[in-house]
Amino acid sequence: MRLKFPKTPEHFTPAEQRLLEYVEGNREEFLFLTIGQLAEKMNVSEATISRFARHLGCRDFKQLKNIVIEQNHLEGPAGKMAGTLFTKGSETAFQAMGYLKQQMFYLEKTMQYLDTQTFENALKEMLSARQIWIHAKSASTSLGHLLFFRLRRLGLPAAQIPSGGTEMLEGLAQAKKGDLVVFFGFSKVSWEGRVILDCQNHIGYRTLCFTGRLRAPKEEQADVNLYVYRGETGEYHSMTTAAAMVDTLIVALSERLGADGAKNLQKVHKMKKKYRI
């Protein structure tokens, strides 16, 4: 589908026609070019590009990029990154302070929707589970490793389920009644997540899901659903709030375990000193 601009000029100069064809045919690549980089690539001046944007009815080069983002409905990783970089910041340089402030907003929004009873239920499930199984894949893999590492340090019985395929099924087959299976399903529940929920019906374990949806369909809900806000649909989805929620759980678990949790941490510390690790 062709892009629609505020104005449709009757005539383009040869340079503008080449620019239009490039923007139409290389939308994602265009979004990651500065005005200087585009000028060099197309062998035109920056002033020519600025006039081209105004000729299309755009205030400037940045608005031209925003129109491409809005109309192209970019859904892949590159599109989401472009949405984060160019709709809220400068088109020429990444603004670190602005992005960090955005993460603060994500944390505040997660706090706003944090249900204390749901959080309490998550703690109870973890503390009462015979075994805590953790399934994570793709971008959530790092969160799965973090949760596994923290739980094991506290002395809680944690194990990881392979990310996919037959190995995932073999891992899940070891879960039993009285266990807790933790998985991550932020914008949607993966095939593996659906298998976890389906197997729960006949195995009888409990489930905990880290989710980015406040109103997921009932068939995609776990026994406990911890909400974390990671940005809007078209944005690059940050793991900042999810990692913060993992650590929040760990600190709360440590407090509940009291001396028992501290004892295991001290044991690990003494072993590290003894073997000089």
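Contact here means heavy atoms within 4.5 Å. I am working from a predicted model.

**Entry 1. Helix 9 and helix 12**

I looked up which residues join these two helices. On the helix 9 side I found Leu 143, Leu 146, Leu 147, Arg 150 and Leu 151. In helix 12 they meet Ala 242, Ala 243, Val 246, Asp 247, Ile 250 and Leu 253. I sorted the residues of this contact by class and got nine nonpolar, no polar and two charged.

Next I checked the geometry. The axes of helix 9 and helix 12 are 10 Å apart, and the packing angle is about 10 degrees. Helix 9 is therefore roughly parallel to helix 12, because angles under 35 degrees count as roughly parallel.

I then took up one residue of this contact, Arg 150, which sits in helix 9. Is Arg 150 buried, exposed or partly exposed? Its relative accessible area is 29%, so I noted Arg 150 as partly exposed. Setting aside residues up to four places away in sequence, I found Arg 150 touching Asp 247 and Ile 250. I also noted that Arg 150 and Ser 254 are 104 residues apart in sequence, while their C-alpha atoms are 9.9 Å apart in space.

**Entry 2. The nonpolar cores**

I looked for the largest nonpolar core and found one of 33 residues. Met 126, Leu 151, Leu 208 and Phe 210 have the most contacts inside this core. Several elements give two or more residues to it, among them helix 8 (116-128), helix 9 (141-153) and strand 4 (206-211). Which element gives the largest share? I found that helix 12 does, with eight residues.

I followed Leu 208 further. Beyond its neighbours within four places in sequence, Leu 208 is in contact with Ala 122, Met 126, Leu 180, Val 181, Val 182, Phe 183, Ala 222, Val 224 and Leu 226.

There is also a second, separate core, with 24 residues. Leu 3, Val 23, Ile 35 and Ala 39 are included in this second core.

**Entry 3. Glu 125**

I turned to a charged residue in helix 8, Glu 125. Is Glu 125 buried or exposed? I wrote it down as buried, because its relative accessible area is 13% and the cut-off for buried is under 20%. Apart from neighbours within four places in sequence, Glu 125 is in contact with Leu 180, Arg 206 and Val 224.

**Entry 4. Helix 1 and helix 3**

I compared the directions of helix 1 (residues 14-25) and helix 3 (residues 35-42). Their axes come within 11 Å and cross at roughly 115 degrees. Helix 1 and helix 3 are therefore roughly perpendicular. I noted the crossing of helix 1 past helix 3 as right-handed.

Arg 18, Leu 19 and Tyr 22 are the helix 1 residues in this contact, and they meet Leu 38, Lys 41 and Met 42 of helix 3. By class I have four nonpolar, no polar and two charged residues here.

I also looked up Ala 39, a residue of helix 3. Its relative accessibility is 5%, so Ala 39 counts as buried. The residues that Ala 39 touches, not counting those up to four places away in sequence, are Val 44, Ser 45, Glu 46 and Ile 49. The C-alpha atoms of Ala 39 and Leu 19 are separated by 9.5 Å, with their positions 20 residues apart along the chain.

**Entry 5. Tyr 106**

I found Tyr 106 in helix 7 (residues 96-113). Tyr 106 is buried, with a relative accessible area of 2%. Leaving out neighbours within four places in sequence, I listed its contacts as Tyr 229, Arg 230, Gly 231, Glu 235, Ser 238 and Thr 241. For one of these, Gly 231, I looked up the C-alpha separation from Tyr 106: 6.9 Å, at 125 residues apart along the chain.

**Entry 6. Positive phi**

Most residues other than glycine have a negative phi. I noted two residues with a positive value.

- Asn 43 has phi near 60 degrees. It lies in the loop between helix 3 and helix 4 (46-55), and it is exposed at 69% relative accessible area.
- Ser 138 has phi near 55 degrees. It lies in the loop between strand 1 and helix 9, and it is exposed at 61% relative accessible area.

Note on methods: Residues numbered from 1 in each chain as written. Predicted model: local features only at pLDDT ≥ 70, side-chain atom pairs only at ≥ 80, totals over all residues. Heavy atoms only, no water. Core = buried A, V, L, I, M, F, W, Y, C linked by side-chain atoms within 4.5 Å. Buried < 20%, exposed > 50% of the residue type's maximum accessible area, 1.4 Å probe, protein only. Helix = DSSP H or I, 4+ residues; strand = E, 2+ residues; numbered from the N terminus. Axes fitted to C-alpha atoms, helices over the stretch in contact; angles between N-to-C directions. Parallel < 35°, antiparallel > 145°, perpendicular 65-115°, else oblique. Left-handed = near helix turned anticlockwise from the far one by under 90°.
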